[in-house]
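Student: I should like a close look at one part of this model, set in the context of the whole chain. Please take a single helix and its surroundings, and then work outward.

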Amino acid sequence: VCRDIKSLDIAKRNLTLTVTALKRLVMLVTALEQLRARARERQYEDAAGLIYAVEELAGHFRELSHVSRVADLLERKAGVVGDLRQQLLDDYSRILGSAASELPSGWGSAAAQCVDALGPSMQREVVTQFCLCVLEDYKDIFQPPKEASALEMAERRFYWLKRQEKEYQNKHASNFPDAWRVPCSICMHFCHVTRQHLVEILSTSHHTVDPELMIRVLRESIKFEDALAREYNFEDPSEIGRA
């Protein structure tokens with residue numbers, strides 16, 4: 001009798017686990033369809049909540065990825081999330097051009113919630129893409145061997161960055177949470193590109209560079225980086241990137 005009772009108890013638990021798994025499976029399929037629909041309509045605030053639900057539900061099935069149906073479902077989930085990631089990147093790439101008017105009013109805060117739900121790697125990708133787009137204009141003006149790239153005009157590089165910081169605050173700050181530290185990222189990418197430009201100028205120069213000019217540019221660069229370090233609370237200016 002005890003053996004039969006034990007067998008019945010095990011069977012009951014197995015049935016309970018199976019029913020629970022089926023319910024989660026249905027919930028995951030439903031959540032994926034809702035996520036796809038919300039993403040298509042750019043209802044990013046709702047989509048952010050669905051992302052958390054999808055990830056939590058999918059976590060229950062990762063150990064069963066060897067089952068073909070489960071593997072297909074997880075692959076489908078990856079496709080839906082991947083499409084959403086690309087759509088968000090496309091939306092953020094529009095804000096610097098004339099296509100910004102195509103985005104719905106106030107989309108930025110909701111889109112940011114969606115980006116945060118997708119994780120830190122998505123946040124870094126969005127910020128990096130934006131910074132590189134901002135710096136395209138800088139490269140067009142100061143890329144060697146263009147006239148503005150000369151060491152004599154190094155100060156103009158710093159003025160350009162200051163203008164971009166003001167333009168960001170006036171036009172784009174509402175689309176990015178303060179926690180993302182986008183202005184700081186713009187400065188870091190600026191210093192990286194500037195360093196590449198100066199190395200290229202010095203390595204391809206066919207004449208002797210005026211030592212006094214080089215010292216003056218170096219001092220201005222250090223002064224500028226120290227100011228950035230104070231502004232963005234870096235203890236070591238080298239964290240921003242020595243130009």
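Tutor: Of the 243 residues of the protein, 38% count as buried, and that is a suitable starting point for this predicted model. The part chosen for the close look is helix H2, which covers residues 44–59.

The length of helix H2 can be checked first. Its 16 residues should span 22 Å at 1.5 Å a residue, and because the end C-alpha atoms are 22 Å apart, the expected and computed values agree. The buried residues in H2 are Tyr-44, Ala-47, Ala-48, Leu-50, Ile-51, Val-54, Leu-57 and Ala-58. The spacing in that list may be read against a general property of the fold element. An α-helix has 3.6 residues a turn, so residues three or four places apart point the same way.

Within H2, Val-54 repays attention. Val-54 has a relative accessible area of 1%, so it is buried, the cut-off being under 20%. Leaving aside residues up to four places away in sequence, Val-54 touches Leu-28, Ala-31, Leu-32, Leu-35 and Lys-77. Helix H1 comprises residues 2–40, and helix H3 comprises residues 68–94. Lys-77, a contact of Val-54, is itself listed among the buried residues of H3.

Helix H3 can be treated in the same way as H2. Helix H3 has 27 residues and reaches 39 Å from its first C-alpha to its last, close to the 39 Å expected at 1.5 Å a residue. Its buried residues include Val-70, Leu-73, Leu-74, Val-80, Val-81 and Leu-84. Gln-87, Asp-91 and Tyr-92 also belong to the buried set of H3.

The loop that precedes H2 has a backbone feature of its own. Arg-42 lies in the loop between H1 and H2. Its phi is positive, about 60 degrees, although Arg-42 is not a glycine. Arg-42 counts as partly exposed because its relative accessibility is 29%. A second case is found in the loop between H6 and helix H7 (182–204), where Arg-181 is placed. Phi of Arg-181 is near 55 degrees, again a positive value in a residue other than glycine. With 39% relative accessibility, Arg-181 likewise counts as partly exposed. The loop between helix H5 (120–142) and H6 contains Pro-145. Pro-144 and Pro-145 are joined by a cis peptide bond with omega of about 5 degrees. These three sites stand out against a general background. Most residues other than glycine have a negative phi, and most peptide bonds are trans.

The distance from H2 to a residue later in the chain gives a sense of scale. Val-54 and Ser-203 are 149 residues apart in sequence, and their C-alpha atoms are 52 Å apart in space.

Further along the chain, helices H6 and H7 offer a comparison with the contacts of Val-54. Ile-186 is found in helix H7 and, at 5% relative accessibility, counts as buried. Its contacts, not counting residues up to four places away in sequence, are Phe-130, Cys-131, Leu-161 and Tyr-168. The C-alpha atoms of Ile-186 and Leu-135 are separated by 8.0 Å, with their positions 51 residues apart along the chain. In helix H6, which covers residues 154–172, two polar neighbours in sequence are both buried: Gln-164 at 15% and Glu-165 at 13%. With residues up to four places away again set aside, Gln-164 touches Val-134 and Asp-137, whereas Glu-165 touches Cys-187, Leu-228, Glu-231 and Tyr-232.

The whole chain may now be considered. The protein has 8 helices and 0 strands. Its radius of gyration is 26 Å, well over the 18 Å that the globule rule gives for 243 residues, so the protein is more spread out than a compact globule. Along the principal axes, the C-alpha atoms fill a box of roughly 100 × 40 × 30 Å. Among contacts with a separation of 6 or more, residues 24 or more positions apart account for 69%.

The surface and charge figures complete the account. The protein exposes about 14,700 Å², of which carbon and sulfur atoms supply 54%. There are 32 positive and 36 negative side chains, and the centres of the two sets lie 6 Å apart.

Terms used. Residues numbered from 1 in each chain as written. Predicted model: local features only at pLDDT ≥ 70, side-chain atom pairs only at ≥ 80, totals over all residues. Heavy atoms only, no water. Helix = DSSP H or I, 4+ residues; strand = E, 2+ residues; numbered from the N terminus. Buried < 20%, exposed > 50% of the residue type's maximum accessible area, 1.4 Å probe, protein only. Contact = heavy atoms within 4.5 Å. Rg over C-alpha atoms; globule rule 2.2 N^0.38 Å. Areas by Shrake-Rupley, 256 points an atom, 1.4 Å probe, with all protein chains shown as cover. Lys, Arg positive; Asp, Glu negative; His and termini not counted. Charge placed at Lys NZ, Arg CZ, Asp CG, Glu CD. Expected span 1.5 Å × (residues − 1).
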